[in-house]
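Good morning, everyone. Please bring the model up on your screens, and keep it turning while I talk.

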Amino acid sequence: MNTHAKPSKLVKGATGDWEIVVGMEIHAQVTSKSKLFSGASTDFGGDPNSHVSLVDAAMPGMLPVINEECIKQAVRTGLGLKAQINHRSTFDRKNYFYPDLPQGYQISQFKSPIVGEGEVIVDVTATEQITVGIERLHLEQDAGKSLHDQSATESYVDLNRSGVALMEIVSKPDIRSAEEARAYVTKLRTILRYLGTCDGNMEEGSLRADVNVSVRRPGAPLGTRCEIKNVNSIRFIGQAVDVEARRQIAIIEDGGTIAQETRLFDPGRGETRSMRSKEEAHDYRYFPDPDLLPLEFDQAFVDELASHLPELPDEKRARFIAQFGLPSYDAGVLVMEREAADYFETVAAGRDAKIAANWVINELFGRLNKEGATIATSPVSAGQLGTIVDLITSGTISGKIAKDLFEIVWAEGGDPRELVEARGMKQVTDTGAIEKAVDEIIAANPEKVAQAQAKPTMLGWFVGQVMKQTGGKANPQAVNDVLKQKLGI
Ligand code: MN
């Protein structure tokens, strides 16, 4: 397990090196049509208080009824995290007051969660992999939302989210840098999306991270941690880890001590600030919810769910390496999103997989990123890109022309094969046409000819001229051959 940081990950302080230690609690909204204990809709963006049942509003006498789909989603997620699935778990009341929590308590799982220990393999860089341990996953209700900016004198509450099912996924403190923290959340989100158990949409609040940060001297016992609440973007998670670690190091080096507390990250100011002193578990007066029986299922229930799990990113990546001979890094990039991996497989089917991977990763992903588009809305379909790859491998078009063709298909659509015909983009391999161009250029540039004959590296200038004259369509190898022959070099 990832206990001690590599020297390269240590942070230099005024008095020596420090090691950052991070553990995370991720709240992931369960993908399901209705809430954890009621039939109300979980749709995002409805009018305030339009998705609220009597249970969610905590009317007296209402009884919670567990939603079986949410249980299945939690078990699927546990399987995806290679985790212990607990056949018996219990729901507890976590008591605290919030204006947007009408029950006065949150139904959660404290003593016996539905999922126990597991692990996530995280690609930190192209060459570095770490394993982050999972401590537990439990089911709990989300709270509503207070709205303070609608009126100058009153606060409003929207209970649409009240009672929506969350999976709280708690990691072990196995993370050692901001980069590792970002990579962990990225990988976890990829797994959840593959499983279809959480959409991972951080802007809509479907995935929120509480980031626990402490620092210590390398090899020393764990330091006192601070919890940075509800960080809602992967970039901010990285920034929050760095600024919080810096803050703690400065305090300790100044002779102070770290107070355990809950803090907020302010991305605008690039700092964390105190929210409240940390509560201990006993502050919440947890006790078993008397309205809910222990949750029990058998191994057959788990096996049935396991038999329908999709191929997960780690397995898909291993298959891409074995089946297509792709470098591990390329395979890793291709499996980040399930839709992108499917797209690649369609392009690669029956074709040179390395060329297909290059085009998907460099041209397609590059263009999608530039436009802020996604694979689902890509203007170039897998079928169209496959045809472009065919045209390259058959020698019909050069790699350079292929990029122009890709742009045309992106902007205008159409069958790449027909576009090549209609716009005269075919590669010129006919040496007669190339010879004609070469003769003209030689005749027009006698001084360059003398230079090239004295210094053969000048050949590149002639190649460039021929390409210009043929609109980039001349076969580069044929151009080189003809030039060498005509110039006698
Ligand atoms: Mn929680």
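Let's start with a pair of helices. Helix 1 and helix 2 are oblique to each other. Oblique is what remains once angles under 35 degrees are called roughly parallel, over 145 roughly antiparallel, and 65 to 115 roughly perpendicular. Helices here are DSSP runs of H or I, at least four residues, strands are runs of E, at least two, and both are numbered from the N terminus.

Before going on, a word on the source. This is a predicted model, where local features need pLDDT of at least 70, side-chain atom pairs count only at pLDDT 80 or more, and totals for chains, interfaces and linings use all residues. Residues are numbered from 1 along each chain as its sequence is written, and side-chain values use heavy atoms, with hydrogens and water left out.

Back to our pair. Two packed helices are described by the angle between their axes and the distance between the axes. Helix 1 covers residues 68–80, and helix 2 covers residues 178–195. Their angle is about 130°, and their axes are 10 Å apart. Axes are lines fitted to C-alpha atoms, for helices over the stretch in contact, and the angles run from 0 to 180 degrees between N-to-C directions.

The crossing of helix 1 and helix 2 is right-handed. Right-handed means that the near helix is turned clockwise from the far one by less than a right angle; anticlockwise would be left-handed.

Which residues make the contact? Helix 1 brings Arg76, Thr77 and Gly80, and helix 2 brings Ile191, Leu192 and Leu195. Contact means heavy atoms within 4.5 Å. By type, the residues of this contact are 3 nonpolar, 2 polar and 1 charged. Nonpolar covers Ala, Val, Leu, Ile, Met, Phe, Trp, Tyr, Cys and Pro; charged covers Asp, Glu, Lys and Arg; the others, Gly among them, are polar.

Next pair. Helix 14 spans residues 459–469 and helix 15 spans residues 476–487. They pack at about 125°, with 10 Å between their axes. Helix 14 is therefore oblique to helix 15. This crossing is right-handed. From helix 14 come Leu459, Phe462, Val463, Val466 and Met467. They meet Pro476, Val479, Asn480, Leu483, Lys484 and Leu487 in helix 15. That contact divides into 9 nonpolar, 1 polar and 1 charged.

Third pair: helix 5, residues 313–324, and helix 7, residues 338–348. Their axes come within 12 Å and cross at roughly 15°. So helix 5 is roughly parallel to helix 7. Here the crossing is left-handed. Helix 5 offers Lys316, Arg319, Phe320, Gln323 and Phe324, while helix 7 offers Ala341, Asp342, Phe344, Glu345 and Ala348. The split is 5 nonpolar, 1 polar and 4 charged.

Now the metal. Which residues are the protein donors of the manganese ion? They are His27 through NE2, and Glu140 and Glu168 through OE, lying 2.0 to 2.2 Å from the ion. Donors are N, O and S atoms within 2.8 Å of the metal (3.2 Å for Na, K and Ca); water is not among the atoms, so sites may look incomplete. Along the sequence, the donor spacing reads H-x112-E-x27-E. Glu140 sits in strand 7, residues 129–141, and Glu168 in strand 10, residues 165–171, so the pair ties together parts that are 28 residues apart in sequence.

Are these two glutamates buried or exposed? Glu140 is buried, at 3% relative accessible area. Glu168 is buried too, at 9%. Buried means under 20%, exposed over 50%, and partly exposed in between, using a 1.4 Å probe on protein chains only.

Now some single residues. Val420 belongs to helix 11, residues 416–422. Val420 is buried, at 2%. Leaving out residues up to four places away in sequence, Val420 touches Leu391, Thr396, Ile397, Leu405, Met425 and Lys426. The C-alpha atoms of Val420 and Leu405 are 7.6 Å apart, with their positions 15 residues apart along the chain.

Asn49 lies in the loop between strand 2 (16–29) and helix 1. Asn49 is partly exposed, at 38%. Beyond its neighbours within four places in sequence, Asn49 contacts Val157, Asp158, Leu159 and Asn160.

Ala58 is also placed in the loop between strand 2 and helix 1. Its phi is near 60°, a positive value in a residue other than glycine. Ala58 is partly exposed, at 26%.

That's my tour. Thank you.
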